[in-house]
Amino acid sequence: MERMSWALVWLSLAFNLVVAISVCDGQFPAMFVMGDSLVDNGNNNGLSSLAKSNYPPYGIDFQGGPTGRFTNGKTIIDLLGDLLGLPLLPAFTVTFTGQQDIWVGVNYASAAAGILDESGLNLGDRFSLRQQVENFKSTLNQLRNQMEQDTLNQYLAKSLVVINIGSNDYINNYLMPSIYSSSSTYSPEAFAEHLINDYDAQIMALYNLGLRKFLLAAIGPLGCIPNQLAKGFAPPGKCVSAVNDMVEIFNRRLKNLVDQLNHGNYTGAIFVYGNTYGAFNDILGNPATYGFKVADKGCCGVGRNKGQITCLPFSIPCTNRDEYVFWDAYHPTQAFNKIIAQKAYSGPQSACYPINVKQMAQL
């Protein structure tokens, strides 16, 4: 028993030292991630859900194979972590055993999740944004047992929070009138406002728990993904403008929220808007500039534009994956993710507003 007690003391001291060094070094000691399938790294694997990707050919270019990431290789979060010198984050659902290193952060993202609790219900179980915040509280309880309160406060204040969510509130809610009533209840403007109000509440919950550095990603141009193109609502070579118009309403409100929060009385906090929509549009409008040859269909999938459903187990994807913007009906390739991660890390204000992630790390 005495040996175990000393072991815990040394563990706490070592942890406090690591945190102190990372805080003084000007880097993020940890990254906490919330969102949907664009950044999920395996949280849905054990859920009763149709939104899973823990089978081939997902992960075909990822060391170790399929993990629950919805792409051929690394996600934007994995690649941003590479730029920040952080290791791959554990999925929240595998952190209960105590064998995972949660010091560097945790990924809570869940495929099919939305800002609203009901979004994605048609696909089964998932952790909504509200539940992901609750899951973070569980991690916080673990961290309280591993470090002193003053160190924990510093650690949380210096850590990066990335939230990439909102797509499913449209794809698996507002744009599915046969299942959800939201489109008959709300105008596009009112629905965006409803989403932002709920989003704001969860951001404030995280702020009140001690987090201070927030990267809030815009929703990409959903009217351009293979799933929407496969519905035939747009002329060949064009995106579904009505869908993109809805998303832009949300994004404008999200950027306005970032301005409001940065001008509010939130001591020591910085809120950043990641302009995924603008970056995505630039790549789709100039694919060759970025090394892409195919920007309107998935590398893997079924149906028109390979966009009617995602990759079926053991299906054969394209071989020239780095030349495709989209991996499947909904998700981009690792090659695309790498560009977005770099823009978030060191891009100009048009990509990351009002500062980029590299600049956030220096605050």
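**Notebook: Asn-107, helix α2 and the whole chain**

I started from Asn-107 and listed its contacts, leaving aside neighbours within four places in sequence: Val-33, Val-39, Asn-41, Asn-43, Ile-77, Leu-89, Pro-90, Ala-91 and Phe-92. I am working from a predicted model.

Next I looked up where Asn-107 sits. Asn-107 belongs to strand β2, which covers residues 105-107. Is Asn-107 buried or exposed? I find a relative accessible area of 1%. The cut-off for buried is under 20%, so Asn-107 counts as buried.

One contact of Asn-107, Ile-77, took me to helix α2, residues 76-84. How many of the nine residues of α2 are buried? I get seven, so the rest of the structure largely encloses this helix. I noted the buried ones by name: Ile-76, Ile-77, Asp-78, Leu-79, Leu-80, Gly-81 and Leu-84. An aspartate, Asp-78, is on that list.

What covers the buried residues of α2? I find strands β1 (31-35), β2, β3 (160-164) and β4 (213-217) among the covering elements. Helices α11 (334-346) and α12 (357-361) are also included. Strand β2, which holds Asn-107, is thus part of the cover over α2.

I checked the residue just after α2 as well. Gly-85 has a positive phi there, about 75 degrees.

Then I turned to the UniProt record. The unreviewed entry puts a "coiled-coil region" at residues 126-153. I looked at that span in the model. Helix makes up 75% of residues 126-153, and strand 0%. The C-alpha atoms at the two ends are 30 Å apart.

Last, the whole chain. I count twelve helices and eight strands in the protein chain. Its radius of gyration is 20 Å, and the globule rule gives 21 Å for 363 residues; the two are close, so the chain is as compact as a globular protein of that length. I read the span of the C-alpha trace along the principal axes as about 70 × 45 × 40 Å.

What share of the 363 residues is buried? The figure is 54%. I also looked at contacts with a separation of 6 or more. Residues 24 or more positions apart make up 72% of them.

For the surface, I noted about 15,500 Å² exposed by the protein chain, with carbon and sulfur atoms supplying 53%. I closed with charges. The chain has 24 positive and 27 negative charges, and their mean positions lie 5 Å apart.

Technical notes: Residues numbered from 1 in each chain as written. Predicted model: local features only at pLDDT ≥ 70, side-chain atom pairs only at ≥ 80, totals over all residues. Heavy atoms only, no water. UniProt positions renumbered as here; feature names shortened; annotations may be inferred. Helix = DSSP H or I, 4+ residues; strand = E, 2+ residues; numbered from the N terminus. Rg over C-alpha atoms; globule rule 2.2 N^0.38 Å. Buried < 20%, exposed > 50% of the residue type's maximum accessible area, 1.4 Å probe, protein only. Contact = heavy atoms within 4.5 Å. Areas by Shrake-Rupley, 256 points an atom, 1.4 Å probe, with all protein chains shown as cover. Lys, Arg positive; Asp, Glu negative; His and termini not counted. Charge placed at Lys NZ, Arg CZ, Asp CG, Glu CD.
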